[in-house]
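Please open the structure in your viewer and keep the selection panel at hand. The tour below moves from one selection to the next.

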Amino acid sequence: MSQHNPIFDNIGPPLPDVRSIVALRPNAIGDFMFSLPALHALRHTYPRARIVLLGKKWHADFLRQRPSPVDEVIVMPPVPGVGAPPDARVDRAAVDRFVEEMRNAHFDLAIQMYGGGGYSNAFIKRLGAKLTIGTKTPEAAPLDRWIPYGEIYNRRLELLQLVAMVGARPLLMEREVTVTEQDRREAAQLLPPRVGERIVVIHPGASDVRRHWPTERFAAVADALASRGATIVISATETEGHLARAIASRMRHPALDFTGRLSLSALCGLLDRADMMVSNDTGPLHLALALGTPTVGIFWLTNLMESGPLRQHLLRPALSVQAQCPVCGVPNLKSRCEHDVCFVGDVSTEKVAQMALELFDEVARPQAADEPEPALLPHVVRRGPTRSDAAAGRAAPSA
């Protein structure tokens with residue numbers, strides 16, 4: 001008779017008498033978007049519990065006054081290996097004080113959502129919750145309940161599987177991020193709304209240079225969309241400004257370069273109005289998906305496996321399968337060489353342009369009189385009023 005492995009008993013009933021939950025997720029925009037399906041599942045399962053996110057300052061700024069599954073964001077001090085590099089020199093006394101404050105909160109459930117647990121499992125155990133759950137690599141400290149951390153897993157699904165251990169069931173939501181009136185106001189200050197506008201947001205940056213698709217190809221795709229009537233808006237941080245300028249200078253049609261001018265709130269408001277986005281695999285792309293904005297994304301190999309959205313129809317992925325460095329030939333899947341060069345160059349302009357034009361036409365498709373109303377995300381397959389107009393009268397996700 002085969003032995004049953006208890007680590008696969010990871011679908012459980014809701015816990016009784018859960019009044020407070022703390023979730024550890026102090027990372028960047030895209031990674032936070034990956035956690036939203038699990039956080040919404042927790043909120044739905046434990047509607048009366050207080051859910052606290054241990055995060056960074058940007059989480060607190062972004063979620064302040066924004067309906068979300070999180071009741072409060074507590075900004076963590078830098079902790080080695082948990083929101084800070086493992087070798088970071090930190091104020092150990094400040095960390096100890098923070099841990100003591102968390103212990104005094106007497107959380108019922110603590111959830112480690114920060115990687116394989118090499119540093120974060122030991123940290124989450126220090127918080128003194130009644131029950132700890134999380135992901136775990138073989139060498140990481142065990143928690144009360146855990147699932148194996150996969151090297152190449154879809155992170156949204158992984159975190160949903162994690163919270164299923166305490167009875168949280170997944171929801172397929174129209175939006176995982178709520179757009180606020182402040183978002184819309186900030187976007188309107190940069191680009192006043194007008195009747196019939198069809199905005200396409202181009203985002204050419206990414207934190208990893210290897211994921212930068214060539215700017216001349218972005219320009220060609222943007223021109224193709226502009227020729228169909230799109231208003232092209234280029235989104236970029238100050239450090240990515242050279243990419244935005246390169247695209248705008250290569251385009252035959254005019255484009256709006258918003259380098260350094262889009263706060264995260266304004267970007268939400270802009271994406272709320274946009275028909276679609278064309279982007280490298282980066283935080284703004286995953287924000288667009290969480291907002292329900294259709295997107296064409298250029299992905300590098302395993303990144304797509306890790307970051308694919310739950311609502312598959314929102315994303316048209318153009319996938320690079322180039323594993324070796326184009327300069328030295330060294331594989332860069334588990335480690336990286338010294339060359340900061342493009343690893344997505346095998347994705348052709350023609351492929352992305354075809355995806356983008358098809359999606360641009362699809363989101364504009366009028367709905368026939370006898371066509372039934374779609375059950376999910378009607379704005380993805382038809383255009384009547386702008387998505388801002390529709391959203392203004394739509395209830396926000398439960399918070």
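Which residues of helix α8 (residues 241-250) are buried? Before selecting them, note that this is a predicted model, in which local features need pLDDT of at least 70 and side-chain atom pairs count only at pLDDT 80 or more, while totals for chains, interfaces and linings use all residues. Residues are numbered from 1 along each chain as its sequence is written, and side-chain values use heavy atoms, with hydrogens and water left out.

Now select α8: Gly241, Leu243, Ala244, Ala246 and Ile247 are buried (under 20% relative accessible area, with exposed over 50% and partly exposed in between, for a 1.4 Å probe and protein chains only). Helices (H or I, at least four residues) and strands (E, at least two) are DSSP runs, numbered from the N terminus. Add β9 (199-203), α7 (215-226), β10 (231-234) and β11 (256-257), which are among the elements that cover these buried residues.

Stay in α8 and pick Ser249, which is exposed, with a relative accessible area of 58%. The side chain of Ser249 reaches the backbone oxygen of Ala246 at 2.9 Å, and the C-alpha atoms of Ser249 and Thr215 lie 10.0 Å apart, although 34 residues separate them in sequence.

Next, select the open sheet of six strands, which runs in the order β3-β2-β1-β6-β7-β8 with parallel pairing (two strands pair if DSSP finds at least two bridges between them). At its edges stand β3 (72-75) and β8 (145-148), each with a single partner strand, so one side of each is left without a neighbour in the sheet.

Finally, zoom in on β6 (residues 109-112) and β7 (residues 131-136), which pair in the parallel sense over four bridges; here Gln112 stands opposite Gly134 in β7.

Terms used
Contact means heavy atoms within 4.5 Å. A polar contact is a pair of N or O atoms within 3.5 Å; within protein, one must be able to donate a hydrogen and the other to accept it, and residues adjacent in sequence count only if both atoms are side-chain atoms.
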